[in-house]
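Thanks for sharing this one. Here are my notes, set out as numbered points to read alongside the model.

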Amino acid sequence: MPPTIRRAVIPAAGLGSRLLPLTKAIPKEMLPVGDKPVIEHTVRELVASGITDITIVVSGGKSLIQDHFRPHPALVEQLRADGKHDYADAVEEVAELAHHGHITYLDQHGPYGNGTPVLNAARNTGDEPLLVLWPDDVFVADEPRAQQLIRAYEATSCPVLALLPMDPADSRRYGVPLVQEDLGGGLLRITGLVEKPQPADAPSSFAAIGGYVITPGIIDELREQTQRWYEHRSGEIYLTHAINAYARTRATYGQVIKGRWYDTGNPADYLVAQMASALAHPEYGPLLRSLTDDPTGRPPA
């Protein structure tokens with residue numbers, strides 16, 4: 001029986017440069033998708049999947065993330081005094097969410113690259129497996145993406161990557177897995193990733209889209225990468241490089257995720273995520289749909 005996955009890390013130290021100047025003063029993780037900041041969607045996914053220890057790795061200028069999840073008794077008291085009980089309940093519910101997920105914050109230290117925050121957080125996990133989710137992804141699924149990854153790990157006791165079917169023309173945007181065996185149910189044995197290949201060179205029709213179960217062996221690969229960086233001071237520390245090094249000699253799997261993925265890390269995809277969320281809202285959706293008939297934005301009669 002593999003160890004239970006109870007810990008997760010959310011790397012949230014990036015600059016959000018692709019969304020500047022919007023992210024000059026507001027962390028990209030705090031941009032709203034629907035009525036929640038994007039990082040709250042990730043936290044909710046983890047809590048709904050049974051994760052009880054969430055580490056958010058941050059850098060300077062990210063205090064708004066802590067403020068969002070921090071209890072605010074004075075605000076709740078004022079809202080209740082004003083008779084705004086629904087708003088007060090909503091503020092309390094976010095703080096309770098952070099309590100259930102036992103959110104802690106860790107300042108990022110080390111070389112640039114998305115492997116560094118994972119290695120920072122792994123110092124507190126020992127030999128436990130660890131879930132890694134990015135804070136600018138939103139998944140809409142009957143079963144949370146994190147739970148699908150956990151289920152795949154429980155079946156294999158090995159690292160697992162989240163995958164989605166891919167239009168071959170989009171291969172230049174993603175890491176594309178080398179698939180060794182299809183085990184059914186969306187579970188694939190893989191031997192590595194090819195980063196952003198040309199469509200003709202893509203080794204499969206799947207894309208790695210963010211979301212990982214990583215094991216101590218991958219953490220060891222990150223440590224080796226980091227040690228080499230300090231010796232040569234060149235390049236960056238990437239989680240996918242560590243996964244590739246691990247997968248060359250040890251069993252690694254991909255799980256094709258059932259659900260809809262929204263990336264919010266660039267302007268076009270962020271607008272798509274916003275629109276999709278708004279259209280699904282029972283109150284705001286009809287208003288937005290009316291704009292296709294009346295571009296002035298007047299509400300329907």
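1. Let me begin with overall size. This is a predicted model, and its protein chain has a radius of gyration of 20 Å. A compact globule with 301 residues would be expected near 19 Å, so the value agrees with that of a globule. The C-alpha trace spans about 60 × 45 × 40 Å along the principal axes.

2. On secondary structure and contacts, the protein chain contains ten helices and 13 strands. Of the contacts with a separation of 6 or more, 74% are between residues 24 or more positions apart.

3. Next, the surface. About 15300 Å² of the protein chain is exposed, and carbon and sulfur atoms supply 53% of that area. Buried residues account for 48% of the 301 residues.

4. I would then look at helix α5, residues 115–122. How many of the residues in α5 are buried? Eight of its eight residues are, so to speak, under cover by the cut-off of under 20% relative accessible area. They are Gly 115, Thr 116, Pro 117, Val 118, Leu 119, Asn 120, Ala 121 and Ala 122.

5. Asn 120, which is found in α5, deserves a moment of your time. Its relative accessibility is 4%, so Asn 120 counts as buried. Leaving out residues up to four places away in sequence, Asn 120 touches Val 57, Leu 106, Asp 107, Gln 108 and His 109.

6. Now to the packing of α5 against helix α7, residues 216–232. The two helices pack at an angle of about 120 degrees, and their axes are 10 Å apart. The crossing of α5 and α7 is left-handed. On the α5 side the contact is made by Gly 115, Val 118, Leu 119 and Ala 122, and on the α7 side by Ile 219, Leu 222, Arg 223 and Thr 226. Sorted by class, this contact has five nonpolar residues, two polar ones and one charged.

7. Finally, a look at helix α8, residues 239–247, where Ala 245 is found. Is Ala 245 buried or exposed? Its relative accessible area is 16%, and since buried means under 20%, Ala 245 is buried. Not counting residues up to four places away in sequence, Ala 245 touches Glu 221 and Arg 250. As for Ser 17, the residue lies 228 residues from Ala 245 in sequence, with 29 Å between their C-alpha atoms.

Notes: Residues numbered from 1 in each chain as written. Predicted model: local features only at pLDDT ≥ 70, side-chain atom pairs only at ≥ 80, totals over all residues. Heavy atoms only, no water. Axes fitted to C-alpha atoms, helices over the stretch in contact; angles between N-to-C directions. Helix = DSSP H or I, 4+ residues; strand = E, 2+ residues; numbered from the N terminus. Left-handed = near helix turned anticlockwise from the far one by under 90°. Contact = heavy atoms within 4.5 Å. Nonpolar A, V, L, I, M, F, W, Y, C, P; charged D, E, K, R; others polar. Rg over C-alpha atoms; globule rule 2.2 N^0.38 Å. Buried < 20%, exposed > 50% of the residue type's maximum accessible area, 1.4 Å probe, protein only. Areas by Shrake-Rupley, 256 points an atom, 1.4 Å probe, with all protein chains shown as cover.
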